[in-house]
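Got the viewer open and a selection box ready? Let's take a walk along the chain, one stop at a time.

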Amino acid sequence: RESDRRAWTPVTYTVTRQNATVQGLIEGKAYFFRIAAENIIGMGPFTETTKEIVIRDAITVPDRPEDLEVKAVTKNSVTLTWNPPKYDGGSDITGYVLESRLIGKEKFHKVTKEKMLDRKYTVEGLKEGDTYEYRVSACNIVGQGKPSFCTKPITCKDEVAPPSLDLDFRDKLIVRVGEAFSLTGRYSGKPAPKVTWLKDDIAVEENDRIKIKTTPTTLCLGILKSVREDSGKYCVTVENSTGSRKGFCQVNVVDRPSPPVGPVIFDEVHKDHMVVSWKPPLDDGGSEITNYIIEKKDAHKDLWMPVTSATVKTTCKIPKLLEGREYQIRIYAENLYGISDPLISDEMKAKDRFRVPDAPEQPIVKDVTKDSAVVVWNKPYDGGKPITNYIVEKKETMATRWVKVTKDPIFPSTQFKVPDLLEGCQYEFRVSAENEIGVGDPSPPSKPIFARDPIAKPSPPINPEAVDKTKNSVDLSWKPPRHDGNGKIIGYLVEYQKVGDEEWKKANLTADSCPETKYKVTGLTEGLTYKFRVKAVNAAGESEPAYVPDPVEVKDRLEPPELILDANMAREQHVKAGDTLRLSAVIKGVPFPKVSWKKEDHEVSPKADIEVTGVGSKLEIRNTVHEDGGIYSLTVENPAGSKTVSVKVVVLDKPGPPRNLQVSEVRSDSCYLTWMEPEDDGGSVITNYVVERKDVASAQWVAISSSSKKRSHIAKYLIEGTQYLFRVAAENQYGRGPYVETLKPIKAIDPLHPPGPPKNLHHVDVDKTEVSLVWNRPDRDGGAEITGYLVEYQEDGADEWTKFQTVPMLDCVVTGL
């Protein structure tokens, strides 16, 4: 069975020997075999080969190699090649053994130490003039086979021959587009020459279409599906150390032309004919254009009619048209190899179309002086008839009427110098074209210009100098140039240069950023020395520079702080409550001092707005209250020193409430009020006090005094038995302060005394546990009606009296005795 199958196949049933030949096997396949013995009783068990057997011929040494050839001979080397043996002995060739014999010697010697698989070998290190013969043997797994037939005796010497070149192509070759062509030939030379192909002096590179094939004796350049770009001068060069040979062929890949180049231009249009023109094809197909084929078609029909096929010019008259109909024109180019695709025109109506010229484009004005200007324009479309005259007009910008600048004709020049302008006036110009049909529309007006002499560059600024400096800036000042070049000075350009450098740097990029005669150059490096220069700029350009005389070292100029106080920083500042407090001062010093405001040596209130500018500082508090008063100080400090000024601020306000309001000496119709002055008089002397009263049952307060300067008052005319509340407020020139009230009501009654003792106390009845008592009213009631009598008893011998009860009448029964 085959090793990759399970099914067993019988080979024979009649073997009586202990061996058998199995035929019909496939070379290279692997098989398993099994054998069973059989007698008349039956077949015994099978015995199977232990491993698969691969079918191959018996292995021998290989045959001798064939075609041993000498490929190259030099004075010290020989190059040989050979082909494998016809039969490898049943096993792969594992190598070759190359042997040589010096003529005159008997034995062959191995040239290679190790077996080699390559069938080419160069024997090196030979002696010039010696003669050798060579043979080669093949080896496989069994061993080394027979050697090949020997080469002829080979003498070591250089073989040289200049290149020869035999070409199969002529000097010129014409090929149709899409066809293939090849340039072939034969060559020879020793040593073997190098073959190179050029097209128009550029090396030919292989791609999908271009193939280069070179053998030791033949050369070939083949191009499939040729295109127009394959045209050119091809050159093949065969070169070795002894010289070179070249062959040339001018290949022209030809095709029908590309279409004529559009658009089709209608040079003339008339009611019965047109004249059209076009441009030749970009590619003539490699062959000269022999003629153009022109056809016409009514735009509303599908039929193309021939006009001519005999013209070689790129212009043609289209005759026999019907007026008012629209036509299309179709043009083909033709050469020896075919007709191009067509160029088709737009539709055009057959009618006369002469008209007045178009309006020229906006004219340009140049070379302006105080009394003249040159107006320049481009020629417009002439309307089909030649232009015979141009009309130039002018007007002042604010005027409405246009005036011709001359009565004489202007032609063919497309510019005119307009005279007689008024200096300083602003003008606009326009141009019209005229032909035999009439005058066309005027152009758009030119840009307005002022009649004044041209502007020259200004002279340099005068006396530039450094007037101030800090650690990173320098302030420059100068005077305007003596001459402004008849143009307004737009501004100045300021430049600076670090001493030792060659490059000048711009402090400002544009002149209009420095219109004044001063500039602050910033971004400088402290401690370095700089040069400065200034240029004036007008519309004509920049003046020559004016230089600051001496280099300037950049560092702070120290000046101690100086305070110039404003009027609101007098020694004492009064401000009414609710108004705005403003304190300010002008500050000087270099560098500019650090500014700090304090109140009573503490930070000022957060509600204060503090502003510091480059020239001073201002403190502002809106809606002032009394607490904003106090001593304010302004301190300025820089490395050269410090200075402090103080101002007392008084916020004038209404006084606070009076203190400690007391009521005494209450009577049935009066009482006595006293109080102390307020803790805060509001910054102004208290002028008077206001005293008011109110019946507790009423909502209305009644003034009882509004001009008292004393801190006491007798409240008169009270109604006996009525309860009153009192309040007092202080007043100064800024208003009335808050009231202070009595804490509890005061009743208007005369003062009370205890009543006298009851009279004639005695008992009227006695029981074992109680006593009945009676008495008379006392002589005095103390100023108020008697409300009751307190009865007490005391056990005889005791120290303390025991309260029994209070009774309203003049008798009582004491019980519980």
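One definition before we click anything: a residue is buried when its relative accessible area is under 20%, exposed when that area is over 50%, and partly exposed in between. Also keep in mind that this is a predicted model.

**Stop 1: a pair at the start of the chain**

Select Lys-29 and Glu-2. Their side chains form a salt bridge, with 3.3 Å from N to O. Lys-29 sits in the segment before strand 1 (30–31) and Glu-2 is in the segment before strand 1 too, so the contact ties together parts that are 27 residues apart in sequence. How accessible is each partner? Lys-29 comes out at 30% relative accessible area, which means partly exposed, while Glu-2 has 18% and is buried.

**Stop 2: a nonpolar patch**

Now pick Ile-59, Val-61, Ile-141 and Val-142 and turn on the surface. These residues make a nonpolar surface patch, and together they have about 350 Å² of accessible area. Zoom in on Ile-141, in the loop between strand 10 (131–139) and strand 11 (144–147). With a relative accessible area of 66%, Ile-141 is exposed.

**Stop 3: cysteines**

Next, show the cysteine sulfurs. How many disulfides does a search of the whole structure find? Zero. Take Cys-139: its nearest cysteine sulfur belongs to Cys-150 and is 16 Å away, and Cys-139 is in no disulfide. Cys-139 is also buried, at 2% relative accessible area. Then jump to Cys-249. Why is there no bond from Cys-249 to Cys-235? The sulfur of Cys-235 is the closest cysteine sulfur, but at 11 Å it is too far for a bond; the cut-off for a disulfide is 2.5 Å between the sulfur atoms. Cys-249 is buried as well, with a relative accessible area of 1%.

**Stop 4: two cis peptide bonds**

Switch to sticks for the backbone. Some context for this stop and a later one: most peptide bonds are trans, and most residues other than glycine have a negative phi. Select Gly-262 and Pro-263: the peptide bond from Gly-262 to Pro-263 is cis, with omega near 0°. Pro-263 belongs to strand 22 (residues 261–269). Move on to Phe-411 and Pro-412, which are also joined by a cis peptide bond, with omega about 0°. Where does Pro-412 lie? Look in the loop between strand 34 (403–404) and strand 35 (415–418).

**Stop 5: a negative patch**

Colour by charge and select Asp-371, Asp-420, Glu-423 and Asp-453. You're looking at a negative surface patch. Its member Asp-453 is located in the loop between strand 38 (449–450) and strand 39 (462–469), and Asp-453 is partly exposed at 31% relative accessible area.

**Stop 6: positive phi values**

Back to the backbone torsions. Asp-601 is not a glycine, yet its phi is positive, near 65°. You'll find Asp-601 in the loop between strand 51 (594–599) and strand 52 (602–603), where it counts as exposed at 71% relative accessibility. While you're there, add Lys-598 and Glu-603, whose side chains meet in a salt bridge at 3.1 Å, N to O. Is Glu-603 buried or exposed? Exposed, at 60% relative accessibility; Lys-598 is partly exposed, with 28%.

Then go to Asn-623, another residue that is not a glycine but has a positive phi, here about 50°. Asn-623 is in the loop between strand 54 (616–621) and strand 55 (630–638), and its relative accessible area of 53% makes it exposed.

**Stop 7: more salt bridges**

A search of the whole structure turns up 32 salt bridges. Select Glu-677 and Arg-711 for another one, at 3.4 Å from N to O. This pair links distant parts of the chain, 34 residues apart: Glu-677 is in the loop between strand 58 (671–676) and strand 59 (688–695), and Arg-711 is in the loop between strand 60 (702–708) and strand 61 (712–715). Glu-677 counts as partly exposed at 33% relative accessibility, and Arg-711 counts as partly exposed at 44%. Now select Glu-495, Arg-533, Lys-535 and Glu-542: salt bridges with shared partners join these residues into one network.

**Last stop: Pro-758**

Finish at Pro-758, in the loop between strand 65 (746–747) and strand 66 (759–766). Pro-758 is partly exposed, with 46% relative accessible area. Draw a distance from its C-alpha to that of Leu-810: the two atoms are separated by 9.0 Å, with the residues 52 apart along the chain.

Technical notes
Residues are numbered from 1 along each chain as its sequence is written. This is a predicted model: local features need pLDDT of at least 70, side-chain atom pairs count only at pLDDT 80 or more; totals for chains, interfaces and linings use all residues. Side-chain values use heavy atoms; hydrogens and water are left out. Patches are made of residues with over 30% relative accessible area and no salt bridge: like charges are joined within 9 Å, nonpolar side chains (Val, Leu, Ile, Met, Phe, Trp, Tyr) within 5 Å. Accessible areas come from the Shrake-Rupley method with a 1.4 Å probe; for residues, only the protein chains shown count as cover. A salt bridge is a side-chain nitrogen of Lys or Arg within 4 Å of a carboxyl oxygen of Asp or Glu. Lys and Arg count as positive and Asp and Glu as negative; His and the chain ends are not counted. The place of a charge is taken as NZ of Lys, CZ of Arg, CG of Asp or CD of Glu. Helices (H or I, at least four residues) and strands (E, at least two) are DSSP runs, numbered from the N terminus. Buried means under 20% relative accessible area, exposed over 50%, partly exposed in between (1.4 Å probe, protein chains only).
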